[in-house]
Amino acid sequence: MSVEQSTARVSTKDRFLGCLLGLGIGDALGMPVEGWSQDEIAARYGWIDSYLPRIEGDTETVPAGEFTDATEVALCHVEALVSAGGFVDPEAVGRRLMLLARGESRRFLDPLTLAAIERMEETDQFQAGVVGDGPPDATIAAQIAPVALMHALGRLNAEVFTREVLRAGLITRSHPEALNGALAMAYAIWLLAAEHIPPDVLIPEVAAFIDEDDVAKRLRLAEALARNGGDRELDLTNLRRLGTDGSVAGSVAAALYAFAVHPDDFATAVLTAVNAGGDTATIGAMTGALAGVHLGATAIPEPLVEGLAGRAYILVAGPSLYRAAQLRAGRLFQIHRGL
């Protein structure tokens with residue numbers, strides 16, 4: 001049975017799990033070379049096709065298969081959505097982020113997220129995200145998948161969908177372009193989870209949905225480049241052109257490009273994103289989420305699942321998030337029995 005045939009029968013529950021697993025896998029694959037150039041990756045590893053540890057100097061600082069803040073914060077959103085009956089609860093997420101910043105995961109949190117957490121602790125405000133000095137980054141775009149999935153079971157209310165994505169993003173970021181990038185990624189995931197369009201028209205649909213800024217402009221470039229993509233060297237060249245340096249416009253466009261040119265091959269899509277260099281963990285995470293929600297968890301290569309350090313938690317989080325989405329959509333009723 002071909003991948004194209006199998007994807008037609010992917011259950012929505014499997015798409016939920018596939019999205020979260022894909023997020024973590026792409027994140028973990030990109031983690032060891034985050035910030036490296038494409039040439040540095042090629043010189044050191046040739047072509048990354050499996051999990052590697054993070055090496056700094058002669059010391060292994062992070063074991064192979066560990067994911068970073070992209071997945072950690074997304075899982076905070078999962079916990080908060082489940083506890084709030086499927087609705088975005090900024091305070092619940094913020095409280096979880098505070099705990100995250102006190103543990104080992106602090107090493108992965110970027111300075112802007114840490115600044116936002118400090119502000120939360122000082123003010124008890126959870127909708128006052130920060131703006132950095134440089135170009136807006138793609139951090140919240142990589143973390144938004146659970147919010148998008150929450151809308152996959154019912155008819156889309158675009159106004160509510162947009163408002164909840166913005167509420168989730170404003171917990172740590174307030175730059176309009178960063179929020180627009182998060183909306184782009186969320187809408188892409190929703191389109192795939194709800195099976196509304198095929199992958200070959202995904203990018204223009206997303207570009208038409210979001211505000212007109214550099215994110216939309218870069219997405220249109222990705223659409224044009226993807227028409228002739230699919231060759232390894234050409235893909236890497238196109239990703240460099242789109243930008244993999246960490247800006248939200250470049251990173252979101254790069255992730256959507258990597259998925260669009262390899263929609264039916266999870267590993268090739270994610271590894272293309274990772275080997276392009278730059279913001280590898282973030283772009284890898286977004287590409288994995290897109291490929292995972294499209295193909296479903298059962299289509300993800302088993303070695304990538306088995307080698308993911310946090311897979312046990314994700315295997316619980318996926319079904320829990322799906323049940324929360326069912327409750328919110330009115331497709332599942334909980335009956336509480338008294339003792």
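Trainee: In this predicted model, does Leu-109 count as buried or exposed?

Mentor: The cut-off for a buried residue is a relative accessible area under 20%. Leu-109 has 6% relative accessibility, and therefore Leu-109 counts as buried.

Trainee: Where does Leu-109 lie with respect to the helices, and which residues does Leu-109 touch beyond four places away in sequence?

Mentor: Leu-109 belongs to the loop between helix 5 and helix 6, the latter spanning 111–123. Leaving aside residues up to four places away in sequence, the contacts of Leu-109 are Asp-69, Val-73, Leu-100, Ala-101, Leu-114 and Ile-117.

Trainee: How many Å separate Leu-109 from Leu-97 in space, C-alpha to C-alpha?

Mentor: Along the sequence, Leu-109 and Leu-97 are 12 residues apart. In space, the C-alpha to C-alpha separation of Leu-109 and Leu-97 is 9.7 Å.

Trainee: Which helices each supply at least two residues of the lining of the second largest cavity?

Mentor: The lining of this cavity, which encloses about 40 Å³, includes Val-73, Leu-97, Ile-140 and Gln-143. The residues of that lining divide into six nonpolar, three polar and no charged. The helices that each supply at least two lining residues are helix 4 (69–83), helix 5 (90–101) and helix 7 (139–143).

Trainee: How many residues of the lining of the largest cavity are charged?

Mentor: The largest cavity holds about 40 Å³ of space, and among its lining residues are Leu-112, Gly-134, Asp-137, Arg-173 and His-175. Its lining residues divide into five nonpolar and three polar, and the number that are charged is two.

Technical notes: Residues are numbered from 1 along each chain as its sequence is written. This is a predicted model: local features need pLDDT of at least 70, side-chain atom pairs count only at pLDDT 80 or more; totals for chains, interfaces and linings use all residues. Side-chain values use heavy atoms; hydrogens and water are left out. On a 1 Å grid over the protein atoms alone, a cavity is a set of points where a 1.4 Å probe fits but cannot get out, and a pocket is an open set with protein on both sides within 12 Å along at least five of seven lines; lining residues have an atom within 4 Å of a point. Grid points are joined across faces, edges and corners, and a volume is the space filled by probe spheres set on the points. Ala, Val, Leu, Ile, Met, Phe, Trp, Tyr, Cys and Pro count as nonpolar, Asp, Glu, Lys and Arg as charged, and the others, Gly among them, as polar. Helices (H or I, at least four residues) and strands (E, at least two) are DSSP runs, numbered from the N terminus. Buried means under 20% relative accessible area, exposed over 50%, partly exposed in between (1.4 Å probe, protein chains only). Contact means heavy atoms within 4.5 Å.
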